[in-house]
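Student: I have a structure open on my screen and would like to learn how to read it. Could we go through it together?
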Amino acid sequence: MTAEIRTSDGELLSIKLKKVERRRRTTAFLLAAPLLFFIVFTYVIPIFQMLGRSIDNVQMNEFLSETHEVMQTWDGSEMPGEDVTSTFYYELKTAVENKYHGKIATRLNYEKGGFTSLIKKTSRKLENFDENGNFLEQFIDVHKKWGDIEYWLAMKRGTDAYHFRKYLTTFDFEQKFDGSIERIEEKKRINVTLWLRTIFVAVGVTFCCFILAYPISHLLSVLPTRYSNLLMICVLLPFWTSLLVRTSSWMVLLQKQGVLNDTLVSLGIVADESRLELMYNMTGTFIAMTQILLPFMVLPLYSVMKTISPSLMRAATSMGATPFHAFRKIYFPLTYPGISAGSILVFVLAIGYYITPALVGGAKGILISNRIAYHMQQSLDWSLATAMATVLLIAVLVVYWLYNKIVGIDNMRLG
Amino acid sequence: MSRLTKLISLAALLVAPSMATAAEVNVVSWGGAYTESQKLGYGDPYQEMSGVQVNWIDYSGGLSEIKAQVESGAITWDIIDVYARDTIIGCDEGLFVEFDFDNDFPAGVNGMKASDDFFAPMPSKCAVGNILYSWNYAYNTDNVNFAGRYPDSMNDFFDPDTFPGVRSLYSSAMSNLEFALVADGVPASDVYDYMEDNGIDRALDKLSELCTHPKGGCIFWSAGAQPPEQLVSGEALMATGWNGRHFNAIVNEGSPMKMVWDGQILDYEYFVLVKGGPNQDEAMKALQYFTSSEGLAGSAKHIAYAPFRISSLDVIMADEPWFYSEQAGAVEIMPHMPTAPANTENYVLMNPEWYADNNTEINDAWEAWKANL
């Protein structure tokens, strides 16, 4: 029998050790707990609640709960019977009395265009209805659209408590009433264009940032401190200025009678009648976004380059490598961690940008985030907005995952 | 007393003084020269008279913000200056207080009861009239691209071959669809009949022609102060906008601009009272003063929008030149009103009900059109 080691108060050492370890972990957790709770309650839970709205239609379901129930027995092959139409009539009447028919109209209109006017016109004429029967005919008398079975089918579908159709809309698809999924008509397609444009802008801006930031960062890392500090301030100063101020400054610089065009005209490079269009198009979007996001590329690159010993390059050249060869084989690979950190930072920030492109880019500067904001603030179709936001979130996570696969997250260095 | 109640009452004591400040009313409007005219015209006089502080808040239209306030239960707005369309939508959704018009609003100085003194019937029970204004377009007479020939009709706005240059349009569908149909040959008085019948597509096609034309092109404005700025900076050759803002740029800022009234859209603007706003009773009293004969006439002293009351026009005409600013001095305002005979030879009367009924369809079509430009 092996001798058990005991502590001075007679406990087994292994047990005592575990106890101490557990206490230490509890203390550590308790210390972090306030922050954890703060993040969970103010950040994680609200985000998931919001994302839940992309499939949640419970409110609508409550507004027309009886109609929804009666409609379950209607197969939708022919016009709905008196049971459906009368139930709907009474529920709409209650809605008008309590002033939520506007909400019903708005929500049903997300299902099928034309519902807003249909519900509103019907609501205004509801008091003239004869409650003894023939509700369908009376509905059709008020508005001929009620004679179109698609509106009743849309209502049946629109009162389901949960659905995933918003995700189809996100990619310009729709589900027909027979269950088939098709692209929406060409004139109404908007989201796919914007997704592609957003990705194009994000990739393009990341590339521009890289091209511009690489030489600057190199210069910063090799200059003596007193010069490099000055340069660093030049890089960081715009970083500390408000985003709106920077964007408006670009508008002053880039507009037709702006500083840049005026200079070009006065130098005789450009004729007065054919001033360059630098704003309200892609050019403006790229220029402004690149400048605004540049520090996010410079800082990681600089901090990585700072750690590369100059003697490595000297060693390479002393062994006969041309400067270009030494750069390609030695210096450049050593900056990979900085490049990848900077690129992923800039890309993720750029893919969610919307104020700058909207102000500088005009109609061409509408990106997917503008659509999310539009549906949050203007059309108030929060389900669609959150469906789009979810897709955007997933897209960013996929980029992150791919990055981890290809480069490895351990290789990312911010400093 | 338990410790908890003591604590609560102590907290209440500490908070109470900050809550007991003088009464105030939060009024939301469109900013710039327009809000300034409202502030000088009836906001400040009312504040002086009643001791109630009137706070002016800027916004760029629409019901989204107030809806968000109502949904979150934290309403901070009392009175909002809105389009007719939004009084209808907001009233339907129960956001605004319904008025008992003749009891809630005073008779005019001419003795007419309120409902007769206002030019037109209100579009909803929640609306009280404020001004008549116009959507028209203007251009910069100094712009070199005109080369001595100036536009004078709605057709000219849509004619990039004769007048090459970028146009600035309102960022949502309102006004653009009407202008496009008028330029496409639809009689101004029948614009909305055509809208029902494939008119939106027709208007968007006409706009596409202009915006994708190699000599044309379109940019968009969302705040009323932008069109004059874009004209002066040369960013746009012609810009649609609100006549009062153009007038302000011409008279007060001395900008070399001219308005074209052909095909103008005559539109009404309204005040609404938010249901459950933070100072609803005070706000109602303020609103009664704002929309009185003198109140509405007061704002016309500072901007070229016509007051909604007939009696306010009497007040103005009795005292012309009514308009006054430091830069321009005293100016006769009646000829600059959107309702002046010379300005209404060919005009569209805004149909807010069409917009209220078809809001979502119009916006969907418009946004898709804009994104695919």
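Tutor: Happily! Keep in mind that this is a predicted model. Let's begin where the two chains meet: 28 residues of chain B and 31 residues of chain A take part in the contact.

Student: Which elements of chain B each supply at least two residues to the side that touches chain A?

Tutor: They are α3 (64–72), α4 (84–92), β6 (218–221) and α15 (352–371) of chain B. The largest share comes from α15(B), with eleven residues. Sorted by class, that side of chain B has eight nonpolar, eleven polar and nine charged residues.

Student: How do people usually express the size of an interface?

Tutor: Often as the accessible area that is lost when the parts come together. Here we are counting residues in contact instead, 28 from chain B and 31 from chain A.

Student: Let's stay with chain B. How many helices and strands are there in chain B?

Tutor: Chain B has 15 helices and twelve strands. Along the principal axes, its C-alpha atoms fill a box of roughly 85 × 50 × 40 Å.

Student: What does the radius of gyration of chain B say about its shape?

Tutor: We compare it with what a compact globule would give. For 373 residues that is near 21 Å, and chain B has 22 Å, so the two agree. Burial is another thing to look at: 50% of the 373 residues of chain B count as buried. Then there are the contacts in chain B with a separation of 6 or more; 73% of these link residues 24 or more positions apart.

Student: How is chain B divided into domains?

Tutor: The domain assignment gives domain 1 as 23–132 + 269–336 and domain 2 as 133–264 + 340–371. Their centres, taken over C-alpha atoms, are 26 Å apart. Where they touch, domain 1 of chain B gives 25 residues and domain 2 of chain B gives 20 residues. On the domain 1 side, α2 (32–50), α4 and β4 (128–140) of chain B give two or more residues, and α4(B) gives the most, with four residues. That side has 17 nonpolar, six polar and two charged residues.

Student: Now a single helix. Is helix α8 (residues 176–183) of chain B enclosed or open, and why?

Tutor: To judge a helix, count its buried residues. In helix α8 of chain B, eight of the eight residues are buried, so this helix is largely enclosed by the rest of the structure. Among them are B:Leu177, B:Phe179 and B:Val182, and also the charged B:Glu178.

Student: What do the buried residues of α8(B) pack against?

Tutor: Their partners in chain B are α7 (154–157), β5 (167–170), α9 (191–212), β7 (238–242), β8 (257–273) and β12 (347–349). After α8(B) comes B:Gly185, which has a positive phi, near 105°.

Student: Which residues touch the most other members of the largest nonpolar core?

Tutor: In that core of 160 residues, they are A:Leu293, A:Met297, A:Val346, A:Ala350, B:Ile79 and B:Val272. Helix α14 (residues 282–306) of chain A gives the most to this core, twelve residues. Leaving aside neighbours within four places in sequence, A:Met297 is in contact with A:Cys209, A:Phe210, A:Ala213, A:Gly342 and A:Val346. Another core, of 24 residues, lies apart and includes A:Met60 and A:Phe115.

Student: Finally, what pLDDT does chain A average?

Tutor: The average is 85, and 98% of the residues of chain A score at least 70. Among its elements, helix α2 (residues 58–63) has the lowest mean, 74, and helix α10 (residues 191–222) the highest, 93.

Note on methods: Residues numbered from 1 in each chain as written. Chains lettered and ligands numbered in written order. Predicted model: local features only at pLDDT ≥ 70, side-chain atom pairs only at ≥ 80, totals over all residues. Contact = placed C-beta atoms within 7 Å. Rg over C-alpha atoms; globule rule 2.2 N^0.38 Å. Buried ≥ 20, exposed ≤ 12 C-beta atoms within 10 Å, placed from the backbone. pLDDT = per-residue confidence, 0-100. Domains from an automatic or database assignment. Core = buried A, V, L, I, M, F, W, Y, C linked by C-beta atoms within 7 Å.
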